[in-house]
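I opened a fresh notebook page for this one. Here is what I looked up, entry by entry.

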Amino acid sequence: MRKNKFLTFISLAVFIFLFFPLLIITVTAFGTENTISFPIKGFTFNWFIKALSSKTFIDAFALSFKLAFISTLIALIIGIPAAYAMSRYSLRGKKLLKSFFLSPTIVPGIVIGYSLFQFLVIKLQLPVFQGLLFGHFLVVLPYIIRIVGASLEQFDFSIEEVAWSLGCNKFTTFFKIVLPNISSGIISSFLLAFINSFNNIPVSMFLTGPGISTLPTALMNYIEYYYDPTVSAVSVLLMVATIVIMFIVEKTLGINSLAK
């Protein structure tokens with residue numbers, strides 16, 4: 001009984017510790033003061049209007065969305081076949097290959113960002129967008145490998161073999177049988193990878209250039225010069241978008257579990 005009470009207390013403390021700062025950010029986004037302050041003295045939507053009408057934030061949002069979408073799409077194109085090969089076949093050095101694909105989750109993001117800056121920007125002198133795209137691709141690929149790989153581990157490959165025995169070639173079987181059966185894993189991995197690319201700071205911080213910022217780095221740059229609730233308003237919009245996407249992921253995985 002004491003152990004249960006202790007665990008409940010710890011869980012409640014952690015929840016408050018995590019939730020309270022988010023609550024403060026949300027509340028200050030509606031404050032009438034010119035600086036972020038809590039509690040607020042009045043209520044207004046002006047900071048949301050300012051955030052949504054700011055060219056800096058609009059351009060940064062567009063760049064973040066474009067980067068997240070393209071990098072995640074490329075990661076899917078490469079990650080799905082890679083995850084399939086590692087799940088379907090007994091490859092030599094499979095553990096080493098899997099560790100290679102998942103290594104960006106082990107190495108600190110700031111190390112990845114600095115290394116890519118030295119190689120892509122200083123050495124190769126790539127344009128900003130191409131450098132960012134490569135960096136974000138490395139960040140999101142592990143999510144594709146892990147989640148799609150987990151879906152493939154639950155897939156019965158004997159279905160695939162039956163299709164082969166009935167005359168279907170491997171290409172047709174893969175696209176018409178394997179992919180539809182792991183569609184929930186593909187959708188979930190895409191959404192989670194998209195979120196992590198969109199919200200990425202360490203890699204983007206090193207690879208953005210003058211006048212070119214992703215939304216998180218644009219927020220960081222804004223805070224250096226201004227400390228008004230516009231930052232809170234943008235943060236609230238990001239939180240809402242993240243919650244919506246996570247809800248979709250949970251529902252997608254839930255529907256898949258019920259179907260099985």
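**Entry 1: Leu179**

Which residues does Leu179 touch, not counting residues up to four places away in sequence? I found Ile80, Phe174 and Ile186. A reminder to myself before going on: this is a predicted model.

I then placed Leu179 in helix H8, residues 170-181. Its relative accessibility is 17%, and since buried means under 20% relative accessible area, Leu179 counts as buried. I also looked up a C-alpha to C-alpha distance: Leu179 and Leu152 are 9.4 Å apart in space, with their positions 27 residues apart in sequence.

**Entry 2: Leu152 and the core**

That distance made me look up Leu152 next. With residues up to four places away in sequence left out, Leu152 touches Ala83, Tyr84, Ser87, Phe157, Val178 and Ile182.

Which residues have the most contacts inside the largest nonpolar core? They are Val148 and Leu152, in a core of 59 residues. H3 gives the most to this core, namely 12 residues.

**Entry 3: H3 against H7**

H3 called for a closer look, so I took its helix pairs in turn. My reading frame for these: two packed helices are described by the angle between their axes and the distance between the axes.

For helix H3 (residues 55-88) and helix H7 (residues 157-165), the axes come within 12 Å and cross at roughly 95 degrees. Angles of 65 to 115 degrees count as roughly perpendicular, and H3 and H7 are therefore roughly perpendicular to each other. On the H3 side I noted Tyr84, Ser87 and Arg88, and on the H7 side Phe157, Glu160, Glu161 and Trp164. By type, the residues of this H3 and H7 contact are three nonpolar, one polar and three charged.

I cross-checked with Entry 2: Tyr84, Ser87 and Phe157 are among the residues that Leu152 touches, and these three also take part in the contact of H3 with H7.

**Entry 4: H3 against H11**

At what angle do H3 and helix H11 (residues 215-225) pack? The angle is about 150 degrees, and the axes are 8 Å apart. Angles over 145 degrees count as roughly antiparallel, so H3 and H11 are roughly antiparallel to each other.

I listed the partners: Phe57, Ala60, Phe61 and Ser64 in H3 meet Leu215, Pro216, Ala218, Leu219 and Tyr222 in H11. The residues of this contact divide into eight nonpolar and one polar, with no charged residue. Set next to that, the contact of H3 with H7 has three charged residues.

**Entry 5: Ser197**

Is Ser197 buried or exposed? I found it buried, at a relative accessible area of 1%. Ser197 has its place in helix H9, residues 183-198.

Leaving aside neighbours within four places in sequence, I noted contacts of Ser197 with Leu67, Ala68, Ser71, His136 and Val140. I checked Phe137 as well: its C-alpha atom is 8.2 Å from that of Ser197, and the two residues are 60 apart in sequence.

**Entry 6: the loop between H5 and H6**

Next I went to Gln125, which sits in the loop between helix H5 (109-123) and helix H6 (128-153). Gln125 is not a glycine, although its phi is positive, at about 55 degrees. With a relative accessible area of 63%, Gln125 is exposed.

Leu126 lies in this loop between H5 and H6 too. Its relative accessibility is 33%, and Leu126 counts as partly exposed. Not counting residues up to four places away in sequence, Leu126 touches Leu120 and Gly131. I also noted Leu207, 81 residues from Leu126 along the chain, with 10.0 Å between the C-alpha atoms.

**Entry 7: the whole chain**

I finished by stepping back. How many helices and strands does the protein chain have? I counted 12 helices and zero strands.

The C-alpha atoms fill a box of roughly 70 × 60 × 35 Å along the principal axes. Of the 260 residues in the protein chain, 39% are buried. The chain exposes about 15700 Å², and carbon and sulfur atoms supply 71% of that area. My last note is on sequence separation: among contacts between residues at least 6 apart in sequence, 73% join residues at least 24 apart.

Technical notes. Residues are numbered from 1 along each chain as its sequence is written. This is a predicted model: local features need pLDDT of at least 70, side-chain atom pairs count only at pLDDT 80 or more; totals for chains, interfaces and linings use all residues. Side-chain values use heavy atoms; hydrogens and water are left out. Axes are lines fitted to C-alpha atoms, for helices over the stretch in contact, and angles run from 0 to 180 degrees between N-to-C directions. Helices (H or I, at least four residues) and strands (E, at least two) are DSSP runs, numbered from the N terminus. Angles under 35 degrees count as roughly parallel, over 145 as roughly antiparallel, 65 to 115 as roughly perpendicular and the rest as oblique. Contact means heavy atoms within 4.5 Å. Ala, Val, Leu, Ile, Met, Phe, Trp, Tyr, Cys and Pro count as nonpolar, Asp, Glu, Lys and Arg as charged, and the others, Gly among them, as polar. A nonpolar core is a set of buried Ala, Val, Leu, Ile, Met, Phe, Trp, Tyr and Cys residues joined through side-chain atoms within 4.5 Å. Buried means under 20% relative accessible area, exposed over 50%, partly exposed in between (1.4 Å probe, protein chains only). Accessible areas come from the Shrake-Rupley method with a 1.4 Å probe; for residues, only the protein chains shown count as cover.
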